[in-house]
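New to this one? Here is a quick walk through the chain, from its overall make-up down to a few individual residues.

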Amino acid sequence: MKPVHHSEAIDLKTLYLLLTGHELFSDFAGNVINSIYIADRHGNTLWVSGGCEQLWGYSAIELRGKNVVDLERKGVWKPSGVRKVLEARKRVILTQETGVGRRLRIVGTPVFDCGGELSRVINGALDVSPSAVTTAEEPGQDCFFQSGAMREVNRLIGRVAPLGVTVLLTGESGTGKDLAARQIHKLRTPDKPFVKIDCGAIAANLLESELFGYEPGAFSGADRSGKKGLVETAGGGTLFLDEIGEIPLSLQSKFLRLVQDKTYLKVGGTKEHTVEARIIAATHRNLEEMVENKEFRLDLYFRLNTLPIHLPPLRERKSDIPALVEYFCGRFEQRFGYTRRFSRQALECLLNYSWPGNIRELENTIERMLLTSEQHIIGDGDLPVAVSGAPYKLSLDSVMPLKDCLRLTEENLLHMAWQKYGTTTNVAKALGIDQSTASRKLRKLRSSMR
């Protein structure tokens with residue numbers, strides 16, 4: 001990157017405005033910076049943008065004029081990004097811990113005057129603390145970082161959360177639909193219950209009684225006092241119907257009544273009850289196709305699809321990966337008590353991988369690497385074969401059983417197809433098999449490579 005130069009006559013705020021679009025902030029991968037910090041050649045604070053109180057516990061006025069080394073000694077931050085830039089006289093990227101418990105990604109750049117002397121240091125700070133990933137204090141504040149693909153998602157969450165209407169979350173497994181549902185809940189009824197029911201994990205004959213409850217003596221073996229259902233348990237909070245595409249067709253009319261009329265009947269009962277909770281539904285399946293195949297009611301689909309929010313797969317928002325890696329590393333460090341970091345080559349592998357399991361797979365991969373690696377720095381050679389991109393090789397230098405040759409050929413084709421197409425649907429089309437078979441074989445392949 002070319003050195004940044006400026007005239008001594010330019011005022012600091014103008015300098016800040018000029019530099020916010022400069023390539024010095026390219027390492028934030030499209031994320032919105034939380035704060036800008038400008039210091040002079042001696043490390044004295046000249047100007048700080050908004051957001052500094054949340055990050056460092058001091059207002060801009062309190063920081064102005066303070067020396068960064070003195071603030072470092074006081075424990076305001078560790079290490080000082082400005083100090084590191086002044087010592088190196090070049091751009092520095094580091095992770096900073098602050099005295100108020102925040103974890104920041106700092107990109108610091110020296111600014112040289114027309115005579116070639118180092119005159120200013122411009123630091124950009126991005127909050128990658130756990131709370132910056134999964135929570136939000138007010139509508140519009142991001143919980144999924146700031147990739148271009150997620151800005152619209154966060155905008156929609158901020159708009160629909162206060163309305164109390166039914167929301168349908170769609171997206172592949174592991175894209176964060178559960179987090180989005182909890183975010184919507186927290187923005188409207190944070191002090192009320194959040195009740196989640198996995199419609200695909202409960203047997204069809206039990207789903208109705210679990211959701212709606214039952215009256216005393218409703219069926220053989222029923223509790224004599226009856227049972228409260230999850231709808232009632234949610235009260236005035238949120239009822240999260242995860243994997244709603246898995247509910248059997250025979251029960252969908254009762255779900256329609258729940259969503260459309262906000263009423264329900266307990267099993268064995270005749271008294272109509274009113275739903276007080278907000279309903280959020282989620283699915284990884286294509287409900288439109290299910291409607292065409294007569295597997296899902298059209299009227300229920302229309303009622304659910306009033307306010308849809310689609311969460312894109314991780315492969316379509318890869319600029320979120322560095323911040324997610326930072327977050328997961330920090331969280332597991334707290335749990336396990338030791339520090340690990342990914343090398344530049346390993347991080348490039350993480351960025352290049354398609355992540356069929358999305359955020360959930362990324363989280364599991366990082367946890368496994370932190371637990372199994374004996375080195376402080378995790379290299380690309382430590383990663384699973386599928387993630388590192390190590391090529392498959394089918395060697396026929398010697399005779400082998402035919403079944404082993406066929407297995408290796410199949411694994412090679414599956415690996416190449418996944419790297420090229422990135423979705424089980426497209427892999428299935430390319431290999432001439434159905435989607436469920438492709439999904440099952442790819443899961444088996446990934447499991448064998450771990």
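## A first look around

The chain exposes about 22100 Å², and carbon and sulfur atoms supply 49% of that area. Keep in mind that this is a predicted model. The chain has 20 helices and 18 strands, and buried residues make up 48% of its 450 residues. Among the contacts with a separation of 6 or more, 63% are between residues 24 or more positions apart.

Let's go inside. The largest nonpolar core has 31 residues, and F342 and I366 have the most contacts within it. Seven elements are listed as giving it two or more residues: α14 (321-336), α15 (344-352), α16 (358-372), α17 (385-388), α18 (402-421), α19 (424-431) and α20 (435-448). The largest share, seven residues, comes from α14. If you want a place to start, try F342: leaving out residues up to four places away in sequence, F342 touches V325, C329, L350, I366, M369, I377, I378 and L383. Another core lies apart from this one, with 30 residues that include F255, V259, Y264 and F296. As a general point, nonpolar side chains in soluble globular proteins tend to be buried together.

Some nonpolar residues do sit at the surface here. L413, M416 and L431 form a nonpolar patch there, with about 250 Å² of accessible area together. L413 belongs to helix α18 and is partly exposed, at 40% relative accessible area.

Now for the charged side chains. The count comes to 22 salt bridges, and three of the pairs are set out below.

| Salt bridge | Closest N to O distance |
|---|---|
| R83 and E72 | 2.7 Å |
| E208 and K254 | 2.3 Å |
| R344 and E348 | 2.9 Å |

Take R83 and E72 to begin with. R83 lies in helix α5 and E72 in helix α4 (residues 68-73), so their salt bridge ties together parts that are eleven residues apart in sequence. R83 is buried, and so is E72.

The pair E208 and K254 links distant parts of the chain, with E208 in helix α9 (residues 204-212) and K254 in helix α11 (residues 252-260), 46 residues apart. Are these two buried or exposed? E208 is buried, with 18% relative accessible area, whereas K254 counts as partly exposed at 36%.

R344 and E348 stay within one helix: both lie in α15, four residues apart, which is about one turn of the helix. R344 is exposed, at 56% relative accessible area, while E348 is partly exposed, at 37%.

Salt bridges also join up into a network, and D178, R182, K196 and D242 are linked in one.

What about cysteines? The count of disulfides comes to zero. C52 counts as buried at 4% relative accessibility, and C349 is buried too, at 12%.

Two loop residues round off the tour. S80 lies in the loop between β4 (77-78) and α5 (81-88), and S80 is buried, with a relative accessible area of 0%. Setting aside its neighbours within four places in sequence, S80 is in contact with V68, E72 and Q96; E72 is the residue that meets R83 in a salt bridge.

T423 is in the loop between α18 and α19. Not counting residues up to four places away in sequence, T423 touches R315 and W418. The C-alpha atoms of T423 and A438 are separated by 9.5 Å, with the two residues 15 apart along the chain.

How values were computed:
Residues are numbered from 1 along each chain as its sequence is written. This is a predicted model: local features need pLDDT of at least 70, side-chain atom pairs count only at pLDDT 80 or more; totals for chains, interfaces and linings use all residues. Side-chain values use heavy atoms; hydrogens and water are left out. A nonpolar core is a set of buried Ala, Val, Leu, Ile, Met, Phe, Trp, Tyr and Cys residues joined through side-chain atoms within 4.5 Å. Buried means under 20% relative accessible area, exposed over 50%, partly exposed in between (1.4 Å probe, protein chains only). Contact means heavy atoms within 4.5 Å. Patches are made of residues with over 30% relative accessible area and no salt bridge: like charges are joined within 9 Å, nonpolar side chains (Val, Leu, Ile, Met, Phe, Trp, Tyr) within 5 Å. Accessible areas come from the Shrake-Rupley method with a 1.4 Å probe; for residues, only the protein chains shown count as cover. A salt bridge is a side-chain nitrogen of Lys or Arg within 4 Å of a carboxyl oxygen of Asp or Glu. A disulfide is a pair of cysteine sulfur atoms within 2.5 Å.
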